[in-house]
Amino acid sequence: MLVFISDHLGRPAEIIRIHPGKAHGVTYSAIARSMRFISNYYADACGVHPSVVIENAVPSLLETGSDIRGFWGVMQDQAPEICDTCGVLLNMGALATAAKRRSDPVESHLAQLPAKALRGFAIAPSASTAQDPIPWDLLFGGIAILPQDACIYPGGAGEGRIEDVLAFCRDRLAQRSPK
């Protein structure tokens, strides 16, 4: 299906996003091997290796900072050849929810994230409320110093809101750029 969509659009995908869902019995190993299969199959069909990312979610196998760190360790062991292009799409709202459910500060979960695993960010400014604030400054400070490029996925952005989310991100990243 991905190959057909790319053919229809007239260009190959740069990134393929996987949502972990609630599947029981799925392992980090199975996800890592699946990401490698998707990347290789797509490259064979389209001539381009896309970045394949899996998004953390609640509830799922990838909820917490510790889960993401554990998954990345398995990726490095079992699919090292794709670790330079594939990894995690961090959903900040989901990470904040997982932290809250455990009565942990979200900062403790952010501190556990391996920088090289982070290939993208699902950003939904509306996920932050006065009762459940998301430490955007801390997150964007981390994004600004990543050792690799990362994509921004405007999560929860309805029609006409994508530009608002991108402006939100640009503003926060601009605050970190050298003057």
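This section walks through a handful of local features of the structure, from a surface patch to the cysteines, a buried glutamate and two points of backbone geometry. The model is a predicted one.

A convenient place to begin is the N-terminal end. Here Met1, Phe4, Ile5 and Leu9 together form a nonpolar patch on the surface, with an area of about 520 Å². One of these residues, Ile5, lies in helix α1, which covers residues 2–9. Ile5 has a relative accessible area of 38% and is therefore classed as partly exposed, a value that also satisfies the requirement of over 30% for patch membership.

The cysteines come next. Zero disulfides are found when the whole structure is searched. For Cys83, the closest cysteine sulfur belongs to Cys86 and sits 8.0 Å away, so the two are too far apart for a bond; a disulfide would call for sulfur atoms within 2.5 Å. Cys151 likewise takes part in no disulfide, its nearest cysteine sulfur being that of Cys169 at 11 Å. As for their surroundings, Cys83 counts as buried because its relative accessibility is 9%, whereas Cys151 is partly exposed, with a relative accessible area of 24%.

Glu55 deserves a look of its own. This residue is located in strand β2, made up of residues 51–55. With a relative accessible area of 3%, Glu55 is buried, the cut-off for that class being under 20%. The Glu55 side chain makes a polar contact with the side chain of Asn91, at 2.7 Å. Asn91 also appears among the contacts of Glu55 once neighbours within four places in sequence are set aside; the others are Arg17, Ile18, His19 and Pro20, together with Leu89 and Ala122. A charged type of side chain is thus placed in a buried setting, because the accessible area of Glu55 is only 3% in relative terms.

Two features of the backbone round off the picture. The peptide bond joining Val58 and Pro59 is cis, with an omega of about -5°. Pro59 itself is placed in the loop that runs between β2 and α3, the latter spanning 65–78; β2 is also the strand that holds Glu55. Further along the chain, Ser103 is not a glycine, yet its phi is positive, at about 60°. Ser103 falls in the loop between α4 (92–101) and α5 (106–110). With a relative accessible area of 67%, Ser103 is exposed, since that class begins over 50%.

Conventions
Residues are numbered from 1 along each chain as its sequence is written. This is a predicted model: local features need pLDDT of at least 70, side-chain atom pairs count only at pLDDT 80 or more; totals for chains, interfaces and linings use all residues. Side-chain values use heavy atoms; hydrogens and water are left out. Patches are made of residues with over 30% relative accessible area and no salt bridge: like charges are joined within 9 Å, nonpolar side chains (Val, Leu, Ile, Met, Phe, Trp, Tyr) within 5 Å. Accessible areas come from the Shrake-Rupley method with a 1.4 Å probe; for residues, only the protein chains shown count as cover. A salt bridge is a side-chain nitrogen of Lys or Arg within 4 Å of a carboxyl oxygen of Asp or Glu. Helices (H or I, at least four residues) and strands (E, at least two) are DSSP runs, numbered from the N terminus. Buried means under 20% relative accessible area, exposed over 50%, partly exposed in between (1.4 Å probe, protein chains only). A polar contact is a pair of N or O atoms within 3.5 Å; within protein, one must be able to donate a hydrogen and the other to accept it, and residues adjacent in sequence count only if both atoms are side-chain atoms. Contact means heavy atoms within 4.5 Å.
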